[in-house]
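Please take me through this model in a viewer, one selection at a time, and tell me at each stop what is to be found there.

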Amino acid sequence: MEQKEIQFLVLAVSIVLIILVVTLILIFSVFQKRKTQLLIKQAEERRHFEMELAKSQNEIQEQTFKNISWELHDNIGQLLSVAKMQLNMLQADVSEIHAKRLNEASEVLGKGLSEMRQLSRSLNTDFISNLGLVDSFEAEINRFKRMNFFKINYNIEGEPIVIDQKDEIIIFRIFQECFSNCVKYSKATELNILLKFSATELYISSCDNGIGFDPNTQKTGSGLMNMRKRSELIKANLDLKTNVNKGVCVTLKYPIKQITTS
């Protein structure tokens, strides 16, 4: 009888221990699940905050660009136009040699005025919206071509599709920043630009043959950070490939599912 009591006691203790272990496992699982849910929620809130912050920064930048555009067109543009008119008026009152020099100065001023107006348009959000992505790209590329910084090869593949105007502006700004960086840092002699429309995505690439840089040693600049933030706003995939003396290639993949025909 004593043996049976001992066996019963061992069995009871074993059952209690099993129940205790299972209970602890369940409690730990519930705790881990809640902890995971909390971390996911915090990550989602942080991501949402960063997206809203990037969106606000983008809107502020666009308004700043628009203000600069108006300032260039309405104030500086008018002053340069008046200066050009005065130069033209002076030509009749000076000698032929000086008149020729004044005419040359007037032509240079006229070209500068034309370039400034084109720059003003490229900074104006409304102008980009009205012109569309493809035409905006062509206008910006033609502006760089006139400056003779480097040879530009520009190609379009597929049938262009109308996309959301806000996304068009963001895409244009990304590559406007890219082209500007190429001018300032690349020391390139050639820039290849491709816009490719397909059934699933809009693919854009900008590749130069410049000096490039080592991505492992060089810190990420504000320009590239802005480009990445803008691409995240439209759920596009932005990729940069570079190495020393191998140029820089920036590619963007924009999902067609966001594209509308209206």
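In what follows, a residue is called buried when its relative accessible area is under 20%, exposed when that value is over 50%, and partly exposed in between. The model is a predicted one, and the tour begins with the whole chain before turning to single sites.

**The whole chain**

Colour the protein by secondary structure, and 6 helices and 5 strands appear, which follow one another from the N terminus in the order α-α-α-α-β-α-β-β-α-β-β. Of the 262 residues in the protein, 32% are buried. The protein exposes about 17,300 Å², of which carbon and sulfur atoms supply 58%. If contacts are restricted to residues at least 6 apart in sequence, 71% of them join residues at least 24 apart.

**A patch on the surface**

Next select L9, V13, L17, L20, L24 and I27, which form a nonpolar patch on the surface with about 570 Å² of accessible area together. One of these residues, L17, lies in helix 1, which spans residues 2–90. L17 has a relative accessible area of 48% and is therefore classed as partly exposed, since the exposed class begins over 50%.

**The largest nonpolar core**

Now move to the largest nonpolar core and select F137, I171, F175 and I193, which among its 35 residues touch the most other members. At least two residues of this core come from each of helix 4 (133–147), strand 1 (151–157), helix 5 (165–186), strand 2 (190–197), strand 3, helix 6 (222–233) and strand 5. Helix 5 gives the largest share, with 9 residues. To look around one of these positions, centre the view on I193 and leave aside its neighbours within four places in sequence: its contacts are then F137, I141, I152, N153, Y154, N155, F179, S205 and S206.

**The salt bridge in helix 4**

Stay with helix 4 and show the side chains of E140 and R143, which meet in a salt bridge with an N to O distance of 2.8 Å. The two residues both lie in this helix, 3 residues apart, or about one turn. E140 and R143 are both buried, and the count of salt bridges comes to 1. As general background, side chains of opposite charge can pair when their charged atoms come close.

**Two loops with positive phi**

From helix 4, step into the loop that leads from it to strand 1, where N148 is placed. N148 is not a glycine, yet has a positive phi of about 55 degrees. Most residues other than glycine have a negative phi. With 65% relative accessibility, N148 counts as exposed.

Then select K187, which is found in the loop between helix 5 and strand 2. Phi of K187 is likewise positive, near 55 degrees, in a residue other than glycine. Is K187 buried or exposed? At 70% relative accessibility, K187 counts as exposed, because this value is over the 50% cut-off.

**The cysteines**

Display the cysteine sulfur atoms next; a search of the whole structure finds 1 disulfide. This disulfide is formed by C207 and C249, whose sulfur atoms are 2.0 Å apart. The pair links distant parts of the chain, with C207 in strand 3 (residues 201–208) and C249 in strand 5 (residues 248–255), 42 residues apart. C249 has 22% relative accessibility and counts as partly exposed.

C178, by contrast, is in no disulfide, and the nearest cysteine sulfur, that of C182, is 6.8 Å away. Why do C182 and C178 form no bond? The sulfur of C182 is 6.8 Å from that of C178, its closest cysteine sulfur, which is too far for a bond, because a disulfide requires sulfur atoms within 2.5 Å. C178 is buried, with a relative accessible area of 9%, and C182 is buried too, with a value of 5%.

**L240 in strand 4**

For the last stop, select L240, which lies in strand 4 (residues 237–242). At 22% relative accessibility, L240 counts as partly exposed. When its neighbours within four places in sequence are left aside, L240 is in contact with F213, L224, R228, V248, C249 and V250, and C249 in this list is a partner in the disulfide with C207. A C-alpha to C-alpha distance drawn from L240 to L224 reads 9.1 Å, for two residues that are 16 apart in sequence.

Methods. Residues are numbered from 1 along each chain as its sequence is written. This is a predicted model: local features need pLDDT of at least 70, side-chain atom pairs count only at pLDDT 80 or more; totals for chains, interfaces and linings use all residues. Side-chain values use heavy atoms; hydrogens and water are left out. Patches are made of residues with over 30% relative accessible area and no salt bridge: like charges are joined within 9 Å, nonpolar side chains (Val, Leu, Ile, Met, Phe, Trp, Tyr) within 5 Å. Accessible areas come from the Shrake-Rupley method with a 1.4 Å probe; for residues, only the protein chains shown count as cover. A salt bridge is a side-chain nitrogen of Lys or Arg within 4 Å of a carboxyl oxygen of Asp or Glu. Helices (H or I, at least four residues) and strands (E, at least two) are DSSP runs, numbered from the N terminus. Buried means under 20% relative accessible area, exposed over 50%, partly exposed in between (1.4 Å probe, protein chains only). A nonpolar core is a set of buried Ala, Val, Leu, Ile, Met, Phe, Trp, Tyr and Cys residues joined through side-chain atoms within 4.5 Å. Contact means heavy atoms within 4.5 Å.
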